[in-house]
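Trainee: I'd like to learn how to read a structure like this one, feature by feature. Could we start with how the chains meet?

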Amino acid sequence: MKLGRVLGKVWATIKDPKLKGVKLYIMQPVDEYENPLGKAIIAADAISSREGDLVFWVSGPEATLAFDDTQIPSDASIVGLVDRLDT
Amino acid sequence: MILCKVIGSIVSTIKHDCYKSTKLMLVRPISPKEEIRKGTIVAVDTVGAGKGEIVLVASEGRSASELLEFKCRMPMRSVIIGIVDTISLKSGSAA
């Protein structure tokens, strides 16, 4: 998993039906000093995070498993809110 | 697996159920010559790794769920599965 900062939101009315009701956030992957790591991406939110939150997220096939009931077509899902980083 | 150095830990109360009662560490990939690389990773610790230690990180979900004996697969990838004692690198260029 990696760290990310939630920067904004994306709405899409016409989309894969499995993404219905899933919040899509604009998220910037960051390192422990909040320096950006690569480009901002769109991540599906599985823990009701909000804009501005520091989160951790999972990429790849495991991202489809972030929602217990259905498997969503996502390759990046936010799975945790970071309260504190101890480095 | 990849070699990483533990640089810290994360406190997170709101998270997916599969992360409940897991220890979340912050690690940075390192080269076999122990040069720290970019790309901070959040990894679940299963072996009691501490800050500054060099560890072995597996980055694939199936192994994560098997390691933590979860029935179903989980939205989790990076797991610390070992603490490295020594690295002996024969000659040759290891990127």
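Mentor: Sure, and the term to pin down is contact, which means heavy atoms within 4.5 Å. By that rule, 27 residues of chain A are in contact with 32 residues of chain B. Before going on, some bookkeeping: this is a predicted model, where local features need pLDDT of at least 70, side-chain atom pairs count only at pLDDT 80 or more, and totals for chains, interfaces and linings use all residues. Residues are numbered from 1 along each chain as its sequence is written, chains are lettered from A and ligands numbered from 1 in the order in which they are written, and side-chain values use heavy atoms, with hydrogens and water left out.

Trainee: What is the area buried between chain A and chain B?

Mentor: The size of an interface is often given as the accessible area lost when the parts come together. Here, buried area is the accessible area (1.4 Å probe) that two parts lose on being put together, summed over both. For chain A and chain B that comes to about 2300 Å², with carbon and sulfur atoms giving 56%.

Trainee: How many salt bridges does the rule find across the interface of chain A and chain B?

Mentor: Side chains of opposite charge can pair when their charged atoms come close. The rule for a salt bridge wants a side-chain nitrogen of Lys or Arg within 4 Å of a carboxyl oxygen of Asp or Glu. It finds 2 across this interface. In one of them, B:Arg77 meets A:Glu62 at 3.1 Å, N to O. As for where chain A touches chain B, the elements that give two or more residues to its side are β1 (2-10), β4, β5 (76-81) and β6 (84-86) of chain A. The strands in that list are DSSP runs (E, at least two residues; helices are H or I, at least four), numbered from the N terminus.

Trainee: And how many residue pairs are in polar contact across the interface of chain A and chain B?

Mentor: A polar contact is a pair of N or O atoms within 3.5 Å; within protein, one must be able to donate a hydrogen and the other to accept it, and residues adjacent in sequence count only if both atoms are side-chain atoms. On that basis there are 15 residue pairs across the interface, both residues at pLDDT 80 or more.

A:Glu32 is a nice case to look at. It lies in the loop between β2 and β3 of chain A. Its side chain makes a polar contact with the side chain of B:Arg28 at 2.7 Å, and another of 2.5 Å joins it to the side chain of B:Thr40. Beyond residues up to four places away in sequence, A:Glu32 also touches others, including A:Leu3, A:Leu85, B:Ile7 and B:Leu26.

Trainee: Is A:Glu32 buried or exposed?

Mentor: Buried means under 20% relative accessible area, exposed over 50%, and partly exposed in between (1.4 Å probe, protein chains only). A:Glu32 has 9% relative accessibility, so it counts as buried. A:Ala43, in strand β3 (residues 41-45) of chain A, is buried too, at 0%. Leaving aside neighbours within four places in sequence, A:Ala43 is in contact with A:Lys23, A:Leu24, A:Tyr25, A:Met27, A:Ala76 and A:Ile78. A:Lys23 is 20 residues away in sequence, yet the C-alpha to C-alpha distance to A:Ala43 is 8.4 Å.

Trainee: Which residues touch the most other members of the largest nonpolar core?

Mentor: A nonpolar core is a set of buried Ala, Val, Leu, Ile, Met, Phe, Trp, Tyr and Cys residues joined through side-chain atoms within 4.5 Å. The largest one has 28 residues, and A:Met1, A:Leu3, A:Phe56, B:Tyr19, B:Val42 and B:Met76 touch the most other members. Its largest share, 3 residues, comes from β4(A). Take B:Tyr19: residues it touches include A:Met1, A:Phe56, A:Val79 and B:Met76.

Trainee: Why does the salt bridge between A:Glu34 and A:Arg5 tie together parts of chain A?

Mentor: The closest N and O atoms of A:Glu34 and A:Arg5 are 2.3 Å apart. A:Glu34 lies in the loop between β2 and β3 of chain A and A:Arg5 in strand β1 of chain A, so the pair links parts 29 residues apart in sequence. A:Glu34 is partly exposed at 34%, and A:Arg5 is partly exposed at 24%.

Chain B has a pair to look at as well: B:Lys23 and B:Asp45 meet in a salt bridge of 2.8 Å, N to O. B:Lys23 is in strand β2 and B:Asp45 in strand β3 of chain B, so this bridge ties together parts 22 residues apart in sequence. B:Lys23 is partly exposed at 38%, whereas B:Asp45 is buried at 9%.
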